[in-house]
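User: I would like to go through this structure with you and ask where its descriptive words come from. Could you set each value against its definition before you draw a conclusion?

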Amino acid sequence: MNEVALKKFIAGLKRRTPFDRMQAAHIDWLAGRLQLIDCPKDTVVLSPGVPCDALYFIYQGGFHLEAMGNADEEHKVLAEITEGESFPLEALEENRPIFSTFRATVDSVCFRLSLEHFRELKERSTIFADFCRYRAASFLEQSRRVYRLH
C-alpha cells in the first residue's frame, strides 16, 4: 500500500466525525486494515441487491449514487459523494443489501475496510459504533420523510 497516501488519508480522517473523537489506537488499528483500490471512471463499485462486503472511504475522486430502474440520466443521480466521504455505512450497519448503484464519476481512489474489520472496529470503538447507529437511524428517518412526500 502507498504509505504516503495512507498517512495523508488518515490525517484527513482524524479531522472528520467520528474519527476526530476516537482513540489513537483505534485509528492506528483501522489504518492497518485498509486496502487501497483504484476505481477508473464509470467503474461500478456496488450494485443494487448485492450484499455489502466493505466500507469504502473516498480518498480521491467521486461517485454518483444512482437510482434503480429506467430513469433518464438527469433523474437517475440521487446524490454525489466526494473525497473524505464513505459508503455504504448505513447498509452495513443495517446488515442489508444496497438499493442503488455506486459509480465512479472520474478516476477515483478509495480505501476499503472489509465487513469483518468494520464489525471489529465497532466492537473496539464505542464512538464508532454509536456513530454508525446514529447515521443508520438518520438515514431511515430521512427515507421516511421522502416516502411521505411521494
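## From values to words

Analyst: Of the 150 residues of the protein, 42% count as buried, a word that stands for a relative accessible area under 20%, with exposed meaning over 50% and partly exposed lying in between (1.4 Å probe, protein chains only). The model is predicted, and its local features need pLDDT of at least 70, while side-chain atom pairs count only at pLDDT 80 or more and totals for chains, interfaces and linings use all residues. Residues are numbered from 1 along each chain as its sequence is written, and side-chain values use heavy atoms, with hydrogens and water left out.

User: How many helices and strands does the protein have, and how do you know what to count?

Analyst: A helix is a DSSP run of H or I with at least four residues and a strand is a run of E with at least two, both numbered from the N terminus. The protein has six helices and eight strands, and along the sequence they follow the pattern α-α-β-β-β-β-α-β-β-α-β-β-α-α.

User: What share of the contacts with a separation of 6 or more comes from residues 24 or more positions apart?

Analyst: A contact means heavy atoms within 4.5 Å, and residues 24 or more positions apart account for 77% of the contacts with a separation of 6 or more.

User: What makes helix 2 roughly antiparallel to helix 5?

Analyst: The axes of helix 2 and helix 5 come within 11 Å and cross at roughly 175 degrees. Axes here are lines fitted to C-alpha atoms, for helices over the stretch in contact, with angles from 0 to 180 degrees between N-to-C directions. Angles under 35 degrees count as roughly parallel, 65 to 115 as roughly perpendicular, over 145 as roughly antiparallel and the rest as oblique, which is why this crossing makes helix 2 roughly antiparallel to helix 5.

User: Which residues meet where helix 2 and helix 5 are in contact, and which residues of helix 2 are buried?

Analyst: From helix 2, His26, Trp29 and Leu30 meet His117, Glu120, Leu121 and Arg124 of helix 5. Helix 2 covers residues 24-31, and its buried residues are His26, Ile27, Trp29, Leu30 and Ala31. What covers them includes helix 1 (3-13), strand 8 (108-114) and helix 5 (115-124).

User: Why is Lys14 called partly exposed, and what does Lys14 touch?

Analyst: The relative accessible area of Lys14 is 44%, a value between the two cut-offs, and therefore Lys14 counts as partly exposed. Lys14 is found in the loop between helix 1 and helix 2, where it touches Phe19, Asp20 and Ile27, if residues up to four places away in sequence are not counted. Lys14 and Ile27 are 13 residues apart in sequence, and their C-alpha atoms are 8.1 Å apart in space.

User: How do you know that Val77 is neither buried nor exposed, and which residues is Val77 in contact with?

Analyst: Val77 has a relative accessible area of 32%, and so it is placed in the partly exposed class. Val77 lies in strand 5, residues 77-82, and, leaving aside its neighbours within four places in sequence, it is in contact with His64, Leu65 and Glu66. Between Val77 and Arg103, which are 26 residues apart along the chain, the C-alpha separation is 10.0 Å.

User: What is noted about phi at Asp42 and Asn95, and which exposure class does each residue fall into?

Analyst: Most residues other than glycine have a negative phi, and most peptide bonds are trans. Asp42, in the loop between strand 1 (35-39) and strand 2 (44-46), has a positive phi near 75 degrees although it is not a glycine. Its relative accessible area is 48%, and so Asp42 counts as partly exposed. Asn95 lies in the loop between helix 4 and strand 7 (101-104) and has a positive phi of about 55 degrees, again in a residue that is not a glycine. Asn95 has 60% relative accessibility and therefore counts as exposed.

User: Where are the cis peptide bonds that join Thr17 to Pro18 and Phe87 to Pro88, and what is omega in each?

Analyst: The cis bond joining Thr17 and Pro18 has an omega of about 0 degrees, and Pro18 is found in the loop between helix 1 and helix 2. For the cis bond joining Phe87 and Pro88, omega is about -15 degrees, and Pro88 is found in the loop between strand 6 (86-87) and helix 4 (89-94).
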